[in-house]
Amino acid sequence: MERHRATLRSCGVASDARSRPAFAMKAFTTPKKDGRTARLVLDARPLNDAMRRPPSMDLPRLRDFIAEVERHRFAMQCDGVSYFYQFPVDASISRYFGIGMKGCDMLLNVLCMGWSWAPCIAQRASNVLVRDLGLAWVDNFLVLGGTLDEAERNVAVFRKRAQAARVEVRAEGDDALWQVRSRFVCVGVEFDLAAETQRHRLDPAWAERWVGGSGMTAVLSGRATARQFAEVFGGAVWATDILAVPRCHFAALLSFAGRLGGRMVDAAAPVWDEVVDVPPSARRELGALRKIVRENPWVVGGVPEDTGSVLWTDASSRAWAALLEAEGRFVDGRQGVFAGPDADAHINLKEMLAFAEGVVRLCWAPGAQRCRIDNAAVVGAVAKGSSSSYAANRVLSRSLRVAERRRIVLCPGWVPSGEQQADPYTRGASLPRFPAPLSASR
């Protein structure tokens, strides 16, 4: 801590406070991944609690980030050096950035790591530096190009911008600065743009740590602290996003995480070191995901060819219906009545059941299958691969597994109820007579 204090003072990043700061943040250190050095971290919760919430960070969505990278063939990546410390702040703001250190209080003259507004400000600045050149993820820069020449031109423009803004950047490797590559790891994702079809997967080093970590061992044993489970579950969410594995396949794991999270939110003082019992069903699903992450398969980008058909599904309180449209006419369809426990289910679950029946019974042609649904909750669940409902996740999982076996990519879209073509057939109307099956139907 003394070394950090001396470094902050000598670099002009912080100065001794003349009086007790209004918000004296506690300082502590965490080890960096090199295992030799430590990162200074400030607990800015008292300051954050006294302020309104910051605006959106303007971070690209992970799927959009990956899709944009895979539109190119070459990239150069680099990081901002002590990035937050490169943003000086006015004295009227720095007086709130107090650091409570033993024997000496200090004031930060730069963006405070831990202040809720700092990442937002840094991200906005990064977006300006890479505008029309690539992407930024806070202090990670990725300059892109469809050809080698384009990538190198964009790198030259980026360097001029960084120099003009007096922003210091560098790559992790000593000899990699400004080097244009086709295969690299960025924000926890390994990209291979040199392949015939661009692809990505998890950073192998991260995957190895998550699979073999002590937290994973504890959770799979059935007894782990709430903190260990939260860290493992956070990694599970990240892994499913990168590897495009629908989270509905892990309904029990999601359900347990939701219950535990709700308990922690409701508690006056969450006890993260409390030991919790992880249900066997959640452990089995985590074990299955762990196996996938250990294999760490490549995920191929791009959208498959459209099937040329549209699946319409709808449900009423009593019945469901599904229609397959191709070449401007309906070529197949099914309808049914909800019975047993399904008869008393929530309408959202009934809509999901109708969608599942349509996928399983009507969709056979491989490719991108357009789906039209008038229930926004079902459209959102299909699009992201999971629902907040355990029962809906079980139904959706069945649909997606069938689609995967048939090499179908489901593309859901919302339509107003007045335009839902399957609606009449949930309210007593008989299905029309269909022509001989076309290539779009079985």
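Aspartate 306 and arginine 370 meet through their side chains in a salt bridge, at 3.2 Å from N to O, the term denoting a side-chain nitrogen of Lys or Arg within 4 Å of a carboxyl oxygen of Asp or Glu. Aspartate 306 lies in strand S16 (residues 306-315) and arginine 370 in strand S19 (residues 367-373), so the pair ties together parts that are 64 residues apart in sequence; strands (E, at least two residues) and helices (H or I, at least four) are DSSP runs, numbered from the N terminus. The model is predicted, with local features requiring pLDDT of at least 70 and side-chain atom pairs counting only at pLDDT 80 or more, whereas totals for chains, interfaces and linings use all residues. Residues are numbered from 1 along each chain as its sequence is written, and side-chain values use heavy atoms, with hydrogens and water left out.

By the salt-bridge rule the count comes to 15, including the pairs tabulated here.

| Acid | Base | N to O distance |
|---|---|---|
| Aspartate 306 | Arginine 370 | 3.2 Å |
| Glutamate 274 | Arginine 263 | 2.9 Å |
| Aspartate 64 | Arginine 61 | 3.9 Å |

Aromatic pairs number 11, where rings of Phe, Tyr and Trp (its six-membered ring) pair if their centres lie within 6.5 Å, and planes under 30 degrees apart count as stacked, over 60 as edge-to-face and the rest as tilted. The rings of tryptophan 115 and tryptophan 117 have centres 6.5 Å apart and planes at 20 degrees, so this pair is stacked. Ring pairs also link Phe65, Trp137, Phe184 and Phe191 into a cluster.
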